[in-house]
Structures are given as C-alpha cells and as structure tokens.
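Thanks for sending this one over. Here are my notes, in the order in which I would go through the model with you.

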Amino acid sequence: MYGTIHISEEEYGQFAELLKNEDPEKLAEFEDRIQRGEKIEPDDWMPQLYRRQVLRMIEQHAHSEIIGALPEGTWITRAPGFRRKMALMAKVQDEIGHAQLLYSAAETLGKTREEMINDLLAGKSKYSNVFNYPAKTWADVALIGFLVDAGAIINQVTNAKGSYGPYVRALERICYEEAFHLKQGHDAFVALATGTPAQRAMIQDALNRWWQPLMHFFGPPDNISTHTKLLTRWKVKMATNDEMRQWYLDQYVPKIWELGLTLPDPALRKDPETGKWEYSDPDWDEFFRVINGDGPLNKERLAVRRWAEEHGRWIRQALQKPERSYVTPFA
Amino acid sequence: MKIISLDPRVERLEFREEHWQPQRPLTAGEQWPTYEVFHMKKRGTQPVHVGIVHAPTPEMALAFAKEQYARRGTTVRLWVVPSDQVYATSPEDEAIFATTPEKIHREPFAYKVKEKIERYKKSQKK
Ligand SMILES: [Fe+2]
Ligand SMILES: [Fe+2]
C-alpha cells in the first residue's frame with residue numbers, strides 16, 4: 001500500500017548533491033535505522049533536510065488544525081439542537097488540542113511554538129487550503145465533519161506510518177479522536193440526506209460547492225523529484241497525493257452515492273478494469289491562487305487569528321513568570 | 001476597511017486596518033515553559049507519560065493537562081513535571097542496553113527444571 005516510489009541502491013547516487021554536507025557514517029546509521037522500521041527520536045542525529053522537512057510538515061499540519069477550527073467553531077451556537085451543539089463543541093476543542101499536540105511534536109525539532117505562531121500570523125506558513133472556503137449553511141458543517149475530516153483521516157493514518165517518533169505518537173492520539181469527528185459528521189450528513197426535500201437540497205448544494213475543494217484536498221499530482229524520492233526513502237512522505245486521492249474516492253464516493261446524492265463531475269467513475277477512479281481535473285490554477293493567499297477567506301481567517309492573539313496577549317503577559325524559562329521539550 | 005463576513009461573530013469583531021497586516025511578533029520571553037504530563041488511567045496502574053503542555057505555573061499546567069489529555073475515558077490522577085527538570089540518557093548511551101535482552105539468566109524461562117526431573121525419573125526406572 002505504501003512506498004510506491006522505489007529506489008534501488010544503484011539509483012542512490014542521485015541524492016549525492018542533497019547530502020553532500022552530511023557525515024556519511026552517521027547518515028548510514030540513520031538510514032539503517034529507518035530501513036529496520038525503527039523510529040527517529042528528537043535527540044538522534046538526523047540529516048538537515050530531514051529535520052527541515054519533518055518540521056515543515058508537522059508545522060503546517062498544526063496550523064491546519066487551528067485554522068480548521070474556525071469554520072466550524074462559528075457554527076456552534078447555530079447548530080440545530082443541543083446534541084449537535086455538544087458534539088460540535090467537543091470536535092472543535094479536539095481540533096485545537098490536535099494543534100497543541102502537533103506544535104509540541106514540531107517543537108522537539110528546535111522551533112518554538114510561538115515562532116510557529118508568529119510565522120502563521122505573518123502569513124509565512126501554509127495551512128490546508130480547504131479552510132479558506134466559507135461554511136455558508138449547516139449542511140456545510142455536516143459536510144466538513146464528514147468529508148473534510150475523512151480526508152484528514154486518510155492523510156493522518158498515512159503519515160502515522162512515518163519515521164519521526166513524536167509525530168507518530170501525536171498522530172496516534174489524533175486518529176483516535178478523528179474517528180469520532182467522522183462519525184458525528186456522517187450522522188449529521190445522513191440526517192440531512194434522508195430528511196425533508198429542503199434538507200436534501202441543502203446537502204446537495206453543499207456538495208456541489210465543496211466538491212472542488214475536496215478534490216484539491218490532497219494537492220496536485222506530485223512531480224516525483226529527487227527530493228520526493230529521498231523523503232519517501234526516509235519515510236517522511238508516505239504516499240503520493242494521487243494515491244491518497246484514490247483511497248479517498250474509493251471509500252467515500254460510494255457513501256455519497258448510496259444516499260442518492262450526486263457529485264458535480266460527470267466524468268467521475270471507477271474503471272472496473274483498473275480499479276482506479278477517473279475524474280475531471282479540478283481547477284489547479286484556482287488551487288494555487290488560493291494557496292498563495294487569494295482565496296475567498298484567507299484574509300478573514302488570518303485576521304481572526306491576529307485579533308485573538310492581540311486580545312489575548314495581556315493574559316499571556318500577566319501570567320508570565322520570569323523564573324522558569326523555556327527549554328525544548330524532548331519527546 | 002470593514003470585513004464582510006458570513007459569520008455574525010466575525011462581523012461583530014471590530015477589525016482595524018492592522019489586522020490585515022502581521023503584528024508585533026511574539027518574543028522568546030513570551031514563550032511559557034513546558035511541563036511533561038503523566039496520566040494515570042486506573043487506580044493500581046502506572047502513570048504514563050502522554051505529552052507536554054505550555055503553562056506559566058504548575059497549577060495552570062494541571063488545568064491545561066486536564067483539557068488536553070483527560071477529555072475522554074477514565075482518569076484518576078495527573079502529574080506535571082517541568083521539562084527542564086527531567087534528566088535523560090543520551091542516544092549514545094543506547095548501546096549500554098543493547099545486550100540486556102540476551103541476559104536470559106535473569107529470566108524464569110532460562111531454567112528448565114521440569115526436564116531435569118523427568119530425566120531423573122526415567123533414569124531411576126531403569
Ligand atoms: Fe484534527
Ligand atoms: Fe477532525
């Protein structure tokens with residue numbers, strides 16, 4: 001299922017340029033450990049490129065969790081009924097908890113949580129594109145809980161097989177909680193899909209608007225660069241974007257179709273011979289436009305975070321005790 | 001510039017011009033220290049390390065630990081220890097433990113008493 005990019009020992013030479021500053025003996029030891037299926041811990045020696053990439057990946061993941069809490073968080077007071085309010089509140093709290101767990105894991109690589117938050121607020125860091133779209137109706141919230149979290153699960157279960165110990169530990173806890181997110185989302189989604197004609201129309205409308213961002217979720221097809229191959233060998237990148245998209249379609253399209261709902265792509269079908277899903281290419285220009293800051297809500301999302309940070313700073317300062325200072329956490 | 005949001009809560013926030021721009025970044029001094037969190041699930045079991053929290057005081061660390069690590073399932077106790085108070089062996093020291101699994105003379109299964117008794121009994125019957 002994993003590691004479709006194979007690199008034979010003869011091909012290994014292509015990495016020479018990327019690794020020329022690394023101690024060959026330590027590098028060999030590091031690679032042996034990964035080949036044996038052992039995890040890398042923060043105080044182990046690791047190549048610069050590994051440290052940089054793992055940090056970047058966990059950091060972006062953490063940012064996606066806190067920004068991802070915004071579209072749903074604002075719906076808590078408007079969720080229909082007490083039970084759905086309770087569920088949504090629990091889910092949103094989990095997402096903030098995920099951000100905390102992930103920031104902790106990233107911190108072990110030497111960047112502090114506050115430095116990461118600075119970069120997010122400065123617009124220097126990326127987070128998942130899907131959260132730059134608005135949740136216009138309650139049906140959007142049901143769809144997010146079901147289909148966005150489903151994408152997150154595929155991504156996280158895949159990454160949980162990776163090589164960096166603290167990330168793996170954080171993901172184990174996160175995946176457990178995601179199962180509840182998916183279930184409560186599916187429940188809300190099915191309630192609308194099996195409800196009155198107006199409710200069905202609402203969920204169908206949400207699907208029509210969200211299908212493209214969902215097809216963007218795993219990113220454009222990878223160009224398999226030397227870089228990508230090395231990260232695959234080091235178990236940082238555990239699957240290609242297209243592989244994850246296929247798993248996603250395989251698991252969730254039938255769950256949408258079984259409710260008699262449609263998806264706005266006439267080309268979408270599973271080829272019975274290859275077992276692969278075919279679909280029309282989503283608009284990748286739009287994807288890049290949004291990721292570079294020009295989506296429907298990029299500005300609002302960051303402004304809300306900046307507002308929260310600014311208005312919470314006095315609490316941070318009031319509680320600050322100078323006698324104990326920050327050290328890098330080690331697990 | 002006023003933000004036009006679908007979200008009534010965002011509409012009510014009074015954004016000013018500077019919210020469109022990054023603000024003064026947080027400084028190193030504004031970073032709270034971290035605490036290592038230990039969680040006991042059931043009476044009679046070991047407390048287990050589950051992760052860290054950022055907190056200005058141990059009391060706050062316990063409050064955050066409750067929110068972060070005790071949202072589901074059972075909990076009987078939480079412990080927090082300042083991260084800078086933990087001493088650990090280094091990765092180079094891992095070799096010290098490498099041969100421990102081979103020290104089977106410390107294990108009960110290394111002693112095959114029953115076989116010896118059986119052999120003895122057989123020899124007595126002859
Ligand atoms: Fe999450
Ligand atoms: Fe989630």
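1. Let me start with the sequence pattern at the iron ion (ligand 2): its donor residues are spaced E-x53-D-x28-E-x2-H. Please keep in mind throughout that this is a predicted model. The residues behind that pattern are A:Glu95 (OE), A:Asp149 (OD), A:Glu178 (OE) and A:His181 (ND1), with donor distances of 2.0 to 2.2 Å.

2. What is the arrangement of the four donor atoms around the iron ion (ligand 2)? The angles they subtend run from 84 to 168 degrees, so the arrangement is irregular. On the tetrahedral criterion, all angles would have to lie between 85 and 135 degrees. If you plan to set up restraints, this is a friendly nudge to look at the angles themselves.

3. Two of these donors join separate helices. A:Glu95 sits in helix α4 (residues 82-107) of chain A and A:Asp149 in helix α6 (residues 138-159) of chain A, so the pair ties together parts 54 residues apart in sequence. Both side chains belong to buried residues: A:Glu95 has 6% relative accessibility, and A:Asp149 has 4%.

4. Now for the other metal. The iron ion (ligand 1) has as protein donors A:Glu65 (OE), A:Glu95 (OE), A:His98 (ND1) and A:Glu178 (OE), at 2.0 to 2.3 Å. The spacing of these donor residues in sequence is E-x29-E-x2-H-x79-E. Here the four donor atoms subtend angles of 81 to 158 degrees, which makes this arrangement irregular.

5. A:Glu65, in helix α3 (residues 48-73) of chain A, and A:Glu178, in helix α7 (residues 165-193) of chain A, link distant parts of the chain, 113 residues apart. Are these two buried or exposed? A:Glu65 is buried, with a relative accessible area of 7%, and A:Glu178 is buried as well, at 1%.

6. Which residue bridges the iron ion (ligand 1) and the iron ion (ligand 2)? A:Glu95 does, and the two ions lie 3.4 Å apart. A:Glu178 also appears among the donors of ligand 2 and among those of ligand 1.

7. One last point, away from the metals, concerns A:Leu18 in helix α1 (residues 16-19) of chain A. A:Leu18 is partly exposed, with a relative accessible area of 34%. Beyond its neighbours within four places in sequence, A:Leu18 is in contact with A:Leu49, A:Thr226, A:His227 and A:Leu230. Of these, A:His227 is 209 residues from A:Leu18 in sequence, with a C-alpha to C-alpha distance of 8.0 Å.

Note on methods
Residues are numbered from 1 along each chain as its sequence is written. Chains are lettered from A and ligands numbered from 1 in the order in which they are written. This is a predicted model: local features need pLDDT of at least 70, side-chain atom pairs count only at pLDDT 80 or more; totals for chains, interfaces and linings use all residues. Side-chain values use heavy atoms; hydrogens and water are left out. Donors are N, O and S atoms within 2.8 Å of the metal (3.2 Å for Na, K and Ca); water is not among the atoms, so sites may look incomplete. Four donors count as tetrahedral if all angles lie between 85 and 135 degrees; four count as square planar and six as octahedral if opposite donors are over 155 degrees apart and all others between 65 and 115; anything else is irregular. Helices (H or I, at least four residues) and strands (E, at least two) are DSSP runs, numbered from the N terminus. Buried means under 20% relative accessible area, exposed over 50%, partly exposed in between (1.4 Å probe, protein chains only). Contact means heavy atoms within 4.5 Å.
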